[in-house]
Amino acid sequence: MAYVHAEIASQPDCWHQAADLAPTVLDRLPRDGERVAVVGCGTSWFMAKAYAARREATGHGETDAFQASEFPTGRRYDRLLAITRSGTTTEVLDLLAALRGRIPTTVLVGDPASPAVSLADAAVPLPFADERSVVQTRFATTALALLRAQLGDNIDALVADAEVAVRAPLPIDPSLIEQVTFLGRGWTIGLALEAALKCREAATFWAEAYPAMDYRHGPISVAAPGRLVWAFGELPDGLPEDVAATGAAFVHSRTHGVRTVLGRWAAGRNPVDPMADLILAQRFAVALATSRGLDPDAPRHLSRSVVLA
């Protein structure tokens with residue numbers, strides 16, 4: 001079995017461990033009212049975007065997300081939070097070194113012995129969520145689960161959703177789809193971006209992602225029979241009908257496809273958490289790879305960490 005299969009399936013347990021860890025590391029995480037910047041690269045950047053939007057929307061403080069290479073060093077922040085699985089990514093290490101002594105920094109990291117730990121002012125290691133696969137799944141979502149627990153989100157309910165999402169049938173046969181577009185609103189835009197990246201990484205598949213409200217401002221033009229639109233979280237009014245008119249398939253946890261899979265176990269507690277939908281999207285990406293004769297543990301042109309000369 002591919003590493004990524006096992007790592008996707010382990011997410012409910014990892015998220016539960018993250019929820020247990022959160023109360024013990026509060027002094028290392030952003031405090032209420034702090035102005036916070038969150039950085040990462042690739043998947044970690046998308047988790048940073050999701051957390052930043054979630055933190056600000058829930059009233060915990062102004063929060064911005066940046067790719068580590070694009071952090072605006074002239075801005076003032078009370079804390080910088082970096083998310084990095086390996087702790088060896090060049091852009092993250094360079095930024096932590098540049099900010100040392102200027103801004104308090106915290107790193108969420110998979111490897112507690114990595115260079116990022118010694119460069120940051122504080123570290124929250126998540127070795128139980130580290131991965132062997134090149135394609136990130138459980139580390140990134142576990143970091144987000146930890147941060148959501150600190151915000152007061154119901155992680156027990158999230159874990160319950162995830163336990164079924166790792167076993168539920170996929171909402172659509174990947175071999176019948178030639179293109180997919182993922183959509184989100186607010187904090188789930190980061191999840192949509194991450195789902196599209198999984199399809200590109202694992203299966204070299206044509207996948208896009210957009211804010212749901214912006215989808216009708218151009219991107220809907222590629223929707224057609226044989227293509228798929230997959231939405232996370234809240235939907236703009238009329239969007240399912242607009243997608244249906246294109247002939248594209250539509251997946252959403254409450255309006256189509258996924259509802260027939262998840263509705264039974266979400267009874268009495270609607271809606272399904274969008275992070276459970278992300279598990280389904282991860283599995284969809286791996287199934288795409290298999291249907292295309294590809295090994296999801298050996299993605300083209302990728303390595304586990306980008307270390308630049």
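**Close-up 1. Ser 133, a buried loop residue.** Ser 133 has a relative accessibility of 1% and therefore counts as buried, the cut-off for that class being under 20%. The model shown here and in the other views is a predicted one. Ser 133 sits in the loop that links strand 5 to helix 6 (138–151). Leaving aside residues up to four places away in sequence, its contacts are Tyr 3, Val 4, Glu 7, Arg 85, Asp 297 and Arg 304. One of these, Arg 304, returns in the view of the largest pocket, where it is among the residues closest to the centre.

**Close-up 2. The five-stranded open sheet.** The sheet is built from 5 strands in the order 2-1-3-4-5, with parallel pairing. Strand 2 (63–67) and strand 5 (122–125) each have a single partner strand, so these two form the edges and each has one side without a neighbour in the sheet. From one strand to the next, the twist averages 20°. Strand 1 and strand 2 are paired in the parallel sense through 5 bridges, and Val 39 has Phe 66 of strand 2 as its bridge partner. Strand 1 (residues 36–40) is also joined to strand 3 (residues 79–84) by 4 bridges, again running parallel. On that side, Leu 80 of strand 3 stands opposite Ala 37.

**Close-up 3. Strand 1 and its two faces.** Which residues of strand 1 point one way, and which the other? Val 36, Val 38 and Gly 40 point one way, while Ala 37 and Val 39 point the other way. This follows the general pattern, in which side chains of a regular strand alternate between the two faces of the sheet. Residues on both faces of strand 1 are buried. Because 5 of the 5 residues are buried, strand 1 is largely enclosed by the rest of the structure.

**Close-up 4. Helix 4 packed on the five-stranded sheet.** Helix 4 (residues 90–99) lies across strand 1, strand 3 and strand 4 (105–109), and runs at about 160° to strand 3. Its buried residues are Thr 90, Val 92, Leu 93, Leu 95, Leu 96 and Leu 99. In an α-helix there are 3.6 residues a turn, so residues three or four places apart point the same way. The cover over the buried residues of helix 4 includes strand 1, strand 3, strand 4 and helix 5 (115–119). After helix 4 comes Gly 101, with a positive phi near 85°.

**Close-up 5. The largest pocket.** The largest pocket holds about 420 Å³ of space. It is lined by 22 residues, of which Cys 41, Gly 42, Gln 136, Arg 304 and Val 306 are the closest to its centre. Two or more lining residues come from each of helix 3 (43–57), strand 3, helix 4 and helix 8 (188–203). Sorted by class, the lining of the largest pocket has 11 polar, 7 nonpolar and 4 charged residues.

**Close-up 6. The second largest pocket.** The space in the second largest pocket is about 350 Å³. Its lining has 22 residues, and the closest to the centre are Arg 148, Pro 271, Val 272, Asp 273 and Pro 274. Helix 7 (155–165) and helix 11 (274–291) each give at least two residues to this lining, with the largest share, 3 residues, coming from helix 7. By class, the lining of the second largest pocket has 10 charged, 6 polar and 6 nonpolar residues.

**Close-up 7. The four-stranded open sheet and helix 11.** This sheet has 4 strands, in the order 7-6-8-9, and the pairing is parallel. Its edges are strand 7 (207–211) and strand 9 (249–252); each has a single partner strand, so one side of each lacks a neighbour in the sheet. The twist averages 20° from one strand to the next. Strand 8 (residues 227–231) runs parallel to strand 9 and is joined to it by 4 bridges. Within this pair, Val 229 has Phe 250 of strand 9 as its bridge partner. Helix 11 lies across strand 6 and strand 8, at about 155° to strand 8.

**Close-up 8. Glu 178, a partly exposed loop residue.** Glu 178 belongs to the loop between helix 7 and strand 6 (179–184). With 43% relative accessibility, Glu 178 counts as partly exposed. Residues up to four places away in sequence aside, Glu 178 touches Phe 205, Trp 206, Pro 225, Gly 226 and Arg 227. Trp 206 is 28 residues from Glu 178 in sequence, and the two C-alpha atoms are 7.5 Å apart.

Notes. Residues are numbered from 1 along each chain as its sequence is written. This is a predicted model: local features need pLDDT of at least 70, side-chain atom pairs count only at pLDDT 80 or more; totals for chains, interfaces and linings use all residues. Side-chain values use heavy atoms; hydrogens and water are left out. Two strands pair if DSSP finds at least two bridges between them. Axes are lines fitted to C-alpha atoms, for helices over the stretch in contact, and angles run from 0 to 180 degrees between N-to-C directions. Contact means heavy atoms within 4.5 Å. Buried means under 20% relative accessible area, exposed over 50%, partly exposed in between (1.4 Å probe, protein chains only). On a 1 Å grid over the protein atoms alone, a cavity is a set of points where a 1.4 Å probe fits but cannot get out, and a pocket is an open set with protein on both sides within 12 Å along at least five of seven lines; lining residues have an atom within 4 Å of a point. Grid points are joined across faces, edges and corners, and a volume is the space filled by probe spheres set on the points. Ala, Val, Leu, Ile, Met, Phe, Trp, Tyr, Cys and Pro count as nonpolar, Asp, Glu, Lys and Arg as charged, and the others, Gly among them, as polar.
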